[in-house]
Amino acid sequence: MEKVLAAVRVGPSRTELREYPMPEIKEDAALMKMEVAGICGTDVKLYAHPPNDKPTIMGHENIGVIAKAGREFTRRKGFKEGDLVFVEHYVMCGKCEWCHLGQYRHCENTNWRTNPDAIRYGYTSDEKPPHLWGGFAQYVYLPWNAVVHHVPQGVTPELAGLVTPMANGVEWSLFDGGVGYDSRVLIQGPGQQGLSQTVICKQAGASLIIVTGTSKDAARMKVAKELGADHVIDVEKEDPLARIMDITGGKGVDVALDCTAGAGTIPILLGIEALKRKGGVIVAQGEMAAFPNFPLEKFTVKFITMKSARGHSFKACELALAQLASKRFPLEKITTHRFGLKDVDLAIRSVGGKGVADVIHASLMPWE
Ligand SMILES: [Zn+2]
Ligand SMILES: [Zn+2]
């Protein structure tokens, strides 16, 4: 019987290669042969601190080719064998209001925090048949309710591997932050996420893009400038608030986006200070359970709106794929590194800044 090789998280920061039986593909399902699984900051977090103790094939930013498609799958969804596709990590119910809006991220069927039976690629345990629920594997199983997008012609699988950070860029900066023509934007953190926001804000017509980082981010900051940032600030060498006020003539920015990891309350506090006098928007991550001494008075007096960075909608994915196809930006400067299946551990550590140096976006290629 044919087997499928996968890298499985078996505990905190521990990976094992395992084999699974090739699943049987029913009429309404499909099988995707993996090309590229993107690795992001969420992988770094979930690898070090798994949300449960069940073995899990990680990999939630998945690009591949439809290897087998049941007749019903093709009839209902329009995907056939040979198509290059991007599969969202959310596996929808298809019935709720969020699903009808293309906001699969909010569907309870994929909410692992509250629903023990939730299905989400990269999160769902390998105990659930047919086991292939993550992209760090040669094949991924696609049930009828997988959310699938065509990758446009001319976009390579490796470039398509950027679709998730780009889709988050569209969702967070444009849809949530309201960035558009003439917006002044502060982007904190120059990793793949911050750089993707930079590209999207530039494309949308932002007149000022400031990207902050630390001294170890020097290579990333250089790429930020090449992708359209007007100013970069090393927060370890300069006072970021003083620089932002200097650059903006004391006016501040319209929108502050937090794309940092492990920086605690600092990015929110800087965002609140750096926003314009009234009516700015801050897009926040939810890394901390609580926020001691939150400056609520300043927040309300400045009439700030806070939005939550939470994945992406169907539309954001489609716009991100179109952005990748446009070739308007030198995005090969972001797709810096490739790793094979046996190097998943090194790949995740590298994205977290602890393995190979200067990784911006890591592509996991399961057949290498
Ligand atoms: Zn991700
Ligand atoms: Zn739903």
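Helices (H or I, at least four residues) and strands (E, at least two) are DSSP runs, numbered from the N terminus. With that in hand, welcome to a predicted model, in which local features need pLDDT of at least 70, side-chain atom pairs count only at pLDDT 80 or more, and totals for chains, interfaces and linings use all residues. Residues are numbered from 1 along each chain as its sequence is written, chains are lettered from A and ligands numbered from 1 in the order in which they are written, and side-chain values use heavy atoms, with hydrogens and water left out.

Let us begin with the whole chain. The protein has 12 helices and 15 strands. Its C-alpha atoms fill a box of roughly 65 × 40 × 40 Å along the principal axes. The radius of gyration (over C-alpha atoms; the globule rule is 2.2 Å times the number of residues to the power 0.38) is 20 Å, which agrees with the value near 21 Å for a compact globule of 368 residues. Of these 368 residues, 54% are buried, where buried means under 20% relative accessible area, exposed over 50% and partly exposed in between (1.4 Å probe, protein chains only). Taking a contact as heavy atoms within 4.5 Å, 69% of the contacts with a separation of 6 or more join residues 24 or more positions apart.

Now for the metal site. The zinc ion (ligand 1) has the protein donors C40 (SG), H60 (NE2) and E61 (OE), at 1.9 to 2.2 Å. Donors here are N, O and S atoms within 2.8 Å of the metal (3.2 Å for Na, K and Ca); water is not among the atoms, so sites may look incomplete. Along the chain, the donors follow the spacing C-x19-H-E. C40 sits in the loop between β3 (30-39) and α1 (41-48), and H60 in the loop between α1 and β4 (61-69), so the pair ties together parts 20 residues apart in sequence. Both C40 and H60 are buried.

Finally, a few backbone details. Most residues other than glycine have a negative phi, and most peptide bonds are trans. The bond from P129 to P130, however, is cis, with omega near 0°, and P130 lies in the loop between α3 (97-100) and β6 (139-142). S13 has a positive phi near 55°; this residue belongs to the loop between β1 (3-11) and β2 (14-21) and is partly exposed, with a relative accessible area of 39%. K327, also not a glycine, has a positive phi of about 55°. K327 lies in the loop between α11 (314-326) and β14 (337-340) and is exposed, with a relative accessible area of 51%.
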